[in-house]
Amino acid sequence: MKKMTGAEILCETLVRLGVKHLFGYPGGAILPTYDALGRAPIHHVLVRHEQGATHMADGYARASGGVGVAMATSGPGATNMVTGIATAMLDSSPIVCITGQVSSKLLGSDAFQETDITGITMPITKHNVVVSRAEDVARSLREAFVTAASGRPGPVLVDVTKDAQQSACEFHWEDTAPKLPLKRYRQNYDEQQFARAVELLNSAKRPVILAGHGILISGAMRVFQEFVRTGNFPVAMTLLGLGAFPASDPLNLGMMGMHGEAWVNHAIQDADLLIAVGMRFDDRVTGDLRTYAQKARKIHIEVDRAEINKNVKVDAALIGDAREVLEKLLPRLEPFDRSEWVAHISNLKGDSAVRDIQSLPDSGHLYAAHVINDLWKETRGEAIVVTDVGQHQMWEAQYYHHNQPRSLITSGGLGTMGFALPAAIGAKFARPGDEVWVVAGDGGFQMTMCELATIVQEKLNVKIAIINNGYLGMVRQWQEFFYDKRYVATPLVAPDFAALANAFGIRGERITTRSEVIPAIRAAREVSETVLLDFRVEQEDSVYPMVPAGASLDEMIRRPSPLVETSQEP
Ligand SMILES: Cc1cc2nc3c(=O)[nH]c(=O)nc-3n(C[C@H](O)[C@H](O)[C@H](O)COP(=O)(O)OP(=O)(O)OC[C@H]3O[C@@H](n4cnc5c(N)ncnc54)[C@H](O)[C@@H]3O)c2cc1C
Ligand SMILES: Cc1ncc(C[n+]2csc(CCOP(=O)(O)OP(=O)(O)O)c2C)c(N)n1
Ligand SMILES: [Mg+2]
C-alpha cells in the first residue's frame with residue numbers, strides 16, 4: 001500500500017465526499033494542501049478575502065442544500081473567516097472551513113501566523129477540531145461533513161497542522177468512517193405531546209402558521225403545502241422562510257415581524273393558535289415577548305431541543321425533523337373551514353394598500369421598492385436573489401415575491417453587511433443554470449466589492465443591482481425615527497459603481513429615473529456576462545411598517561399618508 005501525505009489524504013477525502021468547488025486563499029501553513037489540490041479534480045475558486053470564501057461556501061450551501069467548503073491559511077487567513085463562520089452559525093448553514101495551522105511542535109509558541117482559531121471560533125461553530133496527525137485527517141473531515149449537515153446544520157472548522165499535512169501514512173478509506181455518537185435528532189416527543197398538538201390543530205378557530213427556515217432545511221415543502229391546504233391554515237413567513245411556501249398561494253399572508261406586513265402582525269396578535277414550523281422566535285419576529293400573541297396556544301415543530309421554550313413558552317413541542325413531524329400530523333388533521341378567519345385577515349389589510357409605495361403615482365423620484373418590484377416582474381420571480389443587509393434587504397423581502405424554495409439567500413441572524421456579492425458567487429457555482437441577482441446597498445457592497453475580481457477571474461454571469469441611497473440607510477432610518485434625525489456617520493460617499501465595474505472589466509450602468517429601470521434590467525438579462533446596475537434611489541425613504549425594537553408586535557410605525565418625499569432632486 002502506497003503511503004499518502006496528510007495533504008493528499010485531505011484532497012482525496014474531499015473528492016470522495018463529492019466536493020466539486022472549494023473557495024479559498026493560500027498561505028504558508030496550508031501550502032502542502034494547495035500543492036496536493038493542484039492534482040485533485042476539484043475546482044478551486046481564488047477569492048480576494050477569506051471572509052468572501054466563507055460567504056461563498058455559505059451561499060453555495062444555501063442554494064444547493066449541500067455543504068459548502070472554504071479554505072484558508074493560519075493566522076490572518078483564519079481570523080478573516082470569523083464573520084462568515086458566525087453568519088453561517090446564526091442561520092444554521094452547513095459549511096466546512098479548513099484552515100492551515102503551524103506545525104504541532106510550535107503550537108502555543110506564538111509562532112509566525114499562529115492563532116488559536118479553534119479557541120476563537122468555539123462559540124460560533126457547531127464543532128471544531130485541531131488535526132495534528134496525517135492519520136486523523138480523513139476521519140476528522142468526514143465527521144465534519146456529517147456534523148455540518150445533520151440535525152440542525154451549522155459551520156464546522158477543521159484546523160490542520162502543517163506537519164499533519166506533510167507527514168505520510170497508509171490510507172484506507174474504509175477505516176476512516178465517522179465515529180460520532182448517535183444523536184437522537186429524529187422524533188423526540190411523547191404521545192401525549194403529539195395528541196395535544198392534534199387536539200389544538202383540530203379545534204383552533206383562528207390559527208396562524210409561522211413558517212421558517214427549518215422547512216427549507218428539511219425539504220418539507222410538499223408535505224407542508226398539503227398540511228396548510230388540509231387545515232386551511234393562513235401562513236406567515238419569517239425572512240429566512242420566504243420561498244418555503246409559494247408567495248402566490250392565497251393562504252400565504254407574507255412576512256411577519258419588525259418589517260413584516262401590518263396585517264400579518266395583527267393576525268398573529270389575534271390568533272388563538274400559533275403553529276411554529278422550523279423557526280426560532282427571533283426578536284425581530286416577536287417584538288416584546290411580554291405582549292406577544294397572548295391569546296394563542298402554541299405548537300413548536302423544531303429539530304433543536306434548545307430552541308423549545310427559549311423565547312416563547314409553548315403548549316406542545318414536537319422535537320424532530322419538520323418533514324417527518326408534518327408527515328405524522330397530516331393524516332390526523334381534520335379538514336376545517338376557516339374562510340371566515342382568512343377573510344378577517346384579508347380585511348386587516350385595510351389601509352395598507354393606500355400606504356403602499358407601489359400604488360402611489362410616479363412623482364419623478366426613483367424608489368427602491370419600484371426597482372425591486374420591476375426586478376421581480378422582469379424575472380417572473382424565478383431568479384435566485386442574494387441580498388445584503390439593510391433597507392434594501394427588507395424591500396426585497398416585501399416586493400420580490402418568492403415562489404421557489406432556496407430562491408432568497410440572505411443573512412438574517414447575524415445581519416452581515418458584505419454578504420451578498422460573495423454569497424451570490426457561491427450560489428452561482430451551486431446552480432450555474434439559474435439566474436442569480438445580487439441586491440445590495442451602497443454601504444454593504446463596499447465591504448466585499450473586491451470579489452468583483454473573483455467574478456471576472458471565474459468568468460461568472462451574476463447580475464448586480466446596487467440600491468444606492470447615499471446612506472447607511474437602515475441606520476439612518478433609526479436615526480430619523482429615534483434620534484431626532486441626527487445623521488451621525490450615516491451619509492456615505494461611494495465610488496462611481498458603474499465606473500468601478502468597468503475598471504474590473506465588468507459592464508456597469510447608472511439608473512436615475514423610473515422609466516430607465518425596466519430597459520436596464522432587460523439589457524442586463526440579455527447578455528450572458530456579469531452586469532452591475534447602480535440604481536440611484538430616493539435617499540431618505542424608510543422601510544414601513546416598522547415595529548420599534550422592544551415594542552409590541554402590533555405597535556407599528558406606518559408609512560405616512562400622504563407620502564413625504566425627502567430627497568433632493570436626482
Ligand atoms: C435588518 C434586518 C431586519 C430583519 N427583520 C425581520 C423581520 O421583519 N421579520 C423576520 O421574520 N425576520 C427578520 N429578520 C431576520 C431575523 O433576524 C431572523 O434571521 C429570522 O427571523 C430567522 O428566521 P427563522 O427562525 O425561520 O430561521 P433560522 O434562524 O435559520 O432558524 C431556523 C430554525 O429551524 C430549525 N430547524 C433546522 N432544521 C430543521 C429541521 N430539519 N426540522 C425542523 N426544524 C429545523 C433550527 O433549529 C432553527 O430553530 C431581519 C434581519 C435583519 C438583518
Ligand atoms: C458588518 C456590519 N456592520 C454594521 C452593521 C449595521 N448595519 C445594519 S444595516 C446598515 C446600513 C446598511 O447600509 P447600505 O448597505 O447602504 O444598505 P441600505 O440600508 O442603505 O439599503 C448597517 C451599518 C451590519 N449589519 N453589519
Ligand atoms: Mg445605502
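Where is the place of Glu382? Select Glu382 to start: it sits in the loop that runs between α17 (368–378) and β15 (384–387). Keep in mind as you click around that this is a predicted model.

**Stop 1: Glu382**

With Glu382 still selected, switch on a surface. At 52% relative accessibility, Glu382 counts as exposed, because the cut-off for that label is over 50%. Now add Ala524 to the selection and draw a distance between the two C-alpha atoms. You should read 16 Å between Glu382 and Ala524, although the two are 142 residues apart in sequence.

**Stop 2: Arg431**

Next, pick Arg431. You'll find Arg431 in the loop between α19 (420–430) and β17 (436–441). With a relative accessibility of 22%, Arg431 falls in the partly exposed class. Show its side chain as sticks and follow it to the backbone oxygen of Arg406, which it reaches at 3.1 Å. Leaving out residues up to four places away in sequence, Arg431 touches Ala63, Ile384, Pro405 and Arg406. Then bring up Tyr60: Arg431 and Tyr60 are 371 residues apart in sequence, yet their C-alpha atoms are 8.3 Å apart in space.

**Stop 3: His402**

Move on to His402, in the loop between α18 and β16 (408–409). Is His402 buried or exposed? His402 is buried, with a relative accessible area of 3%. Hide the surface and show Glu396 as well: a polar contact of 2.8 Å joins the side chains of His402 and Glu396. Apart from neighbours within four places in sequence, the contacts of His402 include Leu242, Gly243, Phe245, Pro246 and Ala247. Val385, Ser407 and Leu408 are also among the residues in contact with His402.

**Stop 4: ligand 1**

Now select ligand 1 and expand to its surroundings. There are 37 residues around ligand 1, and those that come nearest are His213, Thr238, His259, Arg280 and Glu302. Three polar pairs are good ones to label:

- Glu302: a polar side-chain atom lies 2.4 Å from an oxygen atom of ligand 1.
- Asp282: an N or O atom of the side chain is 3.2 Å from an oxygen atom of ligand 1.
- Val303: a polar backbone atom is 3.3 Å from a nitrogen atom of ligand 1.

On its own, ligand 1 has 990 Å² of accessible area, and the protein covers 96% of that.

Which helix gives the most to the shell around ligand 1? Colour α10, which supplies four residues. In residue numbers, α10 is 213–218; α13 (283–286) and α18 (391–399) likewise each supply at least two residues of this shell. Colour the shell around ligand 1 by class and you get 13 nonpolar, 15 polar and nine charged residues.

**Stop 5: ligand 2**

Swap the selection to ligand 2. Here the shell holds 17 residues, with His392, Gly415, Asp442, Gly444 and Gly473 coming nearest. Again, a few pairs to label:

- Gly415: a backbone N or O atom lies 2.8 Å from a nitrogen atom of ligand 2.
- Asp442: a polar side-chain atom lies 2.8 Å from an oxygen atom of ligand 2.
- Tyr471: a polar backbone atom is 3.0 Å from an oxygen atom of ligand 2.

The protein covers 77% of the 590 Å² of accessible area that ligand 2 has by itself. Two or more residues of the shell come from each of α18, α20 and α22, and α20 gives the most, with four. By class, the shell around ligand 2 has seven nonpolar, nine polar and one charged residues.

**Stop 6: the magnesium ion**

Finish on ligand 3, the magnesium ion. Which protein residues are its donors? Show Asp442 (OD), Asn469 (OD1) and Tyr471 (O), lying 2.0 to 2.1 Å from the ion. Along the chain these donor residues are spaced D-x26-N-x1-Y. Asp442 lies in helix α20 (residues 442–448) and Asn469 in the loop between β18 (463–468) and α22 (473–482), so the pair ties together parts that are 27 residues apart in sequence. Both side chains belong to buried residues: Asp442 has a relative accessible area of 1%, and Asn469 has 6%. You have already met Asp442 and Tyr471, since Asp442 has a polar side-chain atom 2.8 Å from an oxygen atom of ligand 2 and Tyr471 has a polar backbone atom 3.0 Å from one.

How values were computed. Residues numbered from 1 in each chain as written. Chains lettered and ligands numbered in written order. Predicted model: local features only at pLDDT ≥ 70, side-chain atom pairs only at ≥ 80, totals over all residues. Heavy atoms only, no water. Donors = N, O, S within 2.8 Å, 3.2 Å for Na, K, Ca; no water. Buried < 20%, exposed > 50% of the residue type's maximum accessible area, 1.4 Å probe, protein only. Near = heavy atom within 4 Å. Polar contact = N/O pair within 3.5 Å; in protein donor to acceptor, adjacent residues only side chain to side chain. Areas by Shrake-Rupley, 256 points an atom, 1.4 Å probe, with all protein chains shown as cover. Nonpolar A, V, L, I, M, F, W, Y, C, P; charged D, E, K, R; others polar. Contact = heavy atoms within 4.5 Å.
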